[in-house]
Amino acid sequence: MKLEGEPSLGQIDDYDGKETPEKRRLVRNIIIGLLVLSAVYGFVKFSFSTPSDYVGTPENPGITTIRK
């Protein structure tokens, strides 16, 4: 069932490796940019996220390991 005015696959610009060099470059740049952005985010998160093991407050210090 073909709709009226619907292009065939051969008429589509990006089908079967017929995309333009500009589109290829744009997709490649977006992928590289996302990889660089994720690497920067991972580096910042790894460098500046120090876990805090202390969950108590001065009023409720939590578990103490000092024997009385």
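**A predicted model, one question at a time**

Student: In this predicted model, is Glu19 buried, partly exposed or exposed?

Tutor: The relative accessible area of Glu19 is 24%, and the label "buried" is kept for values under 20%, while "exposed" is kept for values over 50%. Because 24% lies in between, Glu19 counts as partly exposed.

Student: Which side chain does Glu19 meet in a salt bridge?

Tutor: The count of salt bridges comes to 1, and in that pairing a nitrogen and an oxygen stand 2.8 Å apart. A salt bridge asks for a distance within 4 Å, and the partner, with 40% relative accessibility, is itself partly exposed. The side chain that meets Glu19 is that of Arg24.

Student: Where is Val40 placed, and in which element?

Tutor: The protein has 1 helix and 0 strands, and Val40 has its place in the helix that covers residues 21-48. At 47% relative accessibility Val40 counts as partly exposed, and the element that holds Val40 is helix H1.

Student: How much accessible area does the nonpolar patch with Val40 have together?

Tutor: Val40 is joined in this surface patch by Ile32, Val36, Phe43, Val44 and Phe48. For the protein as a whole, about 7000 Å² is exposed, with 63% of it supplied by carbon and sulfur atoms. The accessible area of the patch together is about 620 Å².

How values were computed: Residues are numbered from 1 along each chain as its sequence is written. This is a predicted model: local features need pLDDT of at least 70, side-chain atom pairs count only at pLDDT 80 or more; totals for chains, interfaces and linings use all residues. Side-chain values use heavy atoms; hydrogens and water are left out. Helices (H or I, at least four residues) and strands (E, at least two) are DSSP runs, numbered from the N terminus. Accessible areas come from the Shrake-Rupley method with a 1.4 Å probe; for residues, only the protein chains shown count as cover. Patches are made of residues with over 30% relative accessible area and no salt bridge: like charges are joined within 9 Å, nonpolar side chains (Val, Leu, Ile, Met, Phe, Trp, Tyr) within 5 Å. Buried means under 20% relative accessible area, exposed over 50%, partly exposed in between (1.4 Å probe, protein chains only).
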